[in-house]
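Please load the model in your viewer and keep the selection panel at hand. The tour moves from one selection to the next and says at each stop what is to be found there.

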Amino acid sequence: MIHLFNVSLPAYINLQGSVRKAPHSPSRDTTRQRIKFSDDRVCKSHLLNCCPHDVLSGTRMDLGECLKVHDLALRADYEIASKDQDFFFELDAMDHLQSFIADCDRRTEVAKKRLAETQEEISAEVAAKAERVHELNEEIGKLLAKVEQLGADGNVEESQKVMDEVEKARVKKREAEEVYRNSMPASSFQQQKLRVCEVCSAYLGLHDNDRRLADHFGGKLHLGFIEIREKLEELRRIVADKQEKRNQERLKRREEREREEREKLRRSRSRERRRHRSRSASRERKRRTRSKSREKRHRHRSRSTSRSRSRSHHRSRHSSRERSRERSSKKR
């Protein structure tokens with residue numbers, strides 16, 4: 001593994017973070033048996049196989065046991081249930097990894113600031129030359145880690161090609177070290193210059209040999225952080241896609257509700273118009289009925305008046321004849 005400089009940098013322990021241990025509970029196994037994977041006490045990152053406590057287990061940054069429940073049986077239950085239902089645990093896992101990486105990046109920035117403060121006496125030109133050596137160190141370390149992986153996979157030809165690149169990088173490194181050594185006094189050159197790995201926050205020495213560099217870049221700690229960061233980016237994409245899909249579904253449901261409300265309003269207005277026409281027709285029928293009734297009563301009164309006048313006229317004529325008879329009788 002990578003060589004660490006604890007004497008020069010006592011802040012290393014703080015950089016690596018404190019180890020958290022979950023309090024032992026005698027009823028923990030019983031709790032695991034009765035809870036479901038959807039319980040808040042279950043680690044959603046564990047269900048998605050990306051909890052930092054699992055990934056970094058056994059490394060220099062071993063975080064100890066997670067404060068939430070880890071159980072492979074619950075993960076299996078979740079994987080089966082998630083085929084039929086989307087539980088959207090990716091959001092919880094993303095928040096968890098985001099918080100962890102943000103905390104790690106903050107510690108990295110603090111460590112880089114402390115290193116800069118202890119090396120202010122080195123000029124900018126010398127620092128740039130030292131930075132070039134660091135870049136070549138990282139390149140060699142990554143290439144050697146790749147060589148080991150290709151060798152393990154049995155890809156000898158590709159492994160040899162990468163080794164050729166390693167040799168070229170070593171030549172460049174020796175030249176860069178010579179330039180760096182000649183740019184500063186011998187007493188200052190003996191002082192180790194360190195840098196912080198941007199991926200895993202571990203310290204790298206300017207003069208680390210190839211073996212140590214390969215151990216670092218191919219080690220479980222560095223690869224574990226790469227895995228966590230890649231998983232975080234994957235979760236961000238998944239969450240963004242799912243949120244976009246949910247927003248579209250929500251918008252579609254809202255449009256359907258608005259369409260249904262408009263349809264209900266249209267039907268309501270149609271019923272109201274029908275009722276209005278019905279009431280208008282009813283009023284018209286009533287009006288016509290009243291009009292006919294009035295006309296009927298008027299005709300009845302007219303006939304009654306006519307008959308009355310006719311009877312009166314008849315009586316008048318009858319009376320007139322009677323009077324005429326009486327006068328004729330008197331004359332005789």
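Begin where helix α8 starts, by selecting N155 and E158: a side-chain oxygen of N155 comes to within 3.3 Å of the backbone nitrogen of E158. Bear in mind from this stop onward that the model is a predicted one.

Next, extend the selection to residues 156-182, which make up helix α8. At 1.5 Å a residue, its 27 residues should span 39 Å, and because the end C-alpha atoms are 39 Å apart, the model agrees with that expectation. Within α8, colour the buried residues, which are S159, V162, V166, A169, R170, K173, A176, E177 and Y180. When looking at their spacing, recall that an α-helix has 3.6 residues a turn, so residues three or four places apart point the same way.

Now move to α5, residues 72-81, and select D71 together with A73. At the start of this helix, a side-chain oxygen of D71 lies within 2.9 Å of the backbone nitrogen of A73. Which residues of α5 are buried? They include L74, R75 and Y78, and because they cover an arc of only 100° around the axis, they sit on the same side of α5. Turn the view to the face of α5 directed away from that buried side, where the exposed residues L72 and I80 are found.

From α5, follow the chain into the loop that leads to α6 (90-118), and select F88 there. Although F88 is not a glycine, its phi is positive, at about 55°. Is F88 buried or exposed? With a relative accessibility of 12%, below the 20% cut-off, F88 counts as buried.

A second residue to select for its backbone is S201, located in the loop between β1 (194-196) and β2 (203-205). S201 is likewise not a glycine, yet it has a positive phi of about 70°. Its relative accessibility is 0%, and therefore S201 counts as buried.

Finally, clear the selection and show the whole protein chain, which contains 11 helices and two strands. Along the sequence, these elements follow the pattern α-α-α-α-α-α-α-α-α-β-β-α-α. Of the 332 residues in the chain, 32% are buried. If you display the contacts between residues at least 6 apart in sequence, 76% of them join residues at least 24 apart. A surface display closes the tour: the accessible surface of the protein chain comes to about 22,500 Å², and carbon and sulfur atoms account for 48% of that area.

Conventions:
Residues numbered from 1 in each chain as written. Predicted model: local features only at pLDDT ≥ 70, side-chain atom pairs only at ≥ 80, totals over all residues. Heavy atoms only, no water. Helix = DSSP H or I, 4+ residues; strand = E, 2+ residues; numbered from the N terminus. Buried < 20%, exposed > 50% of the residue type's maximum accessible area, 1.4 Å probe, protein only. Arc of directions from axis to C-beta. Polar contact = N/O pair within 3.5 Å; in protein donor to acceptor, adjacent residues only side chain to side chain. Contact = heavy atoms within 4.5 Å. Areas by Shrake-Rupley, 256 points an atom, 1.4 Å probe, with all protein chains shown as cover. Expected span 1.5 Å × (residues − 1).
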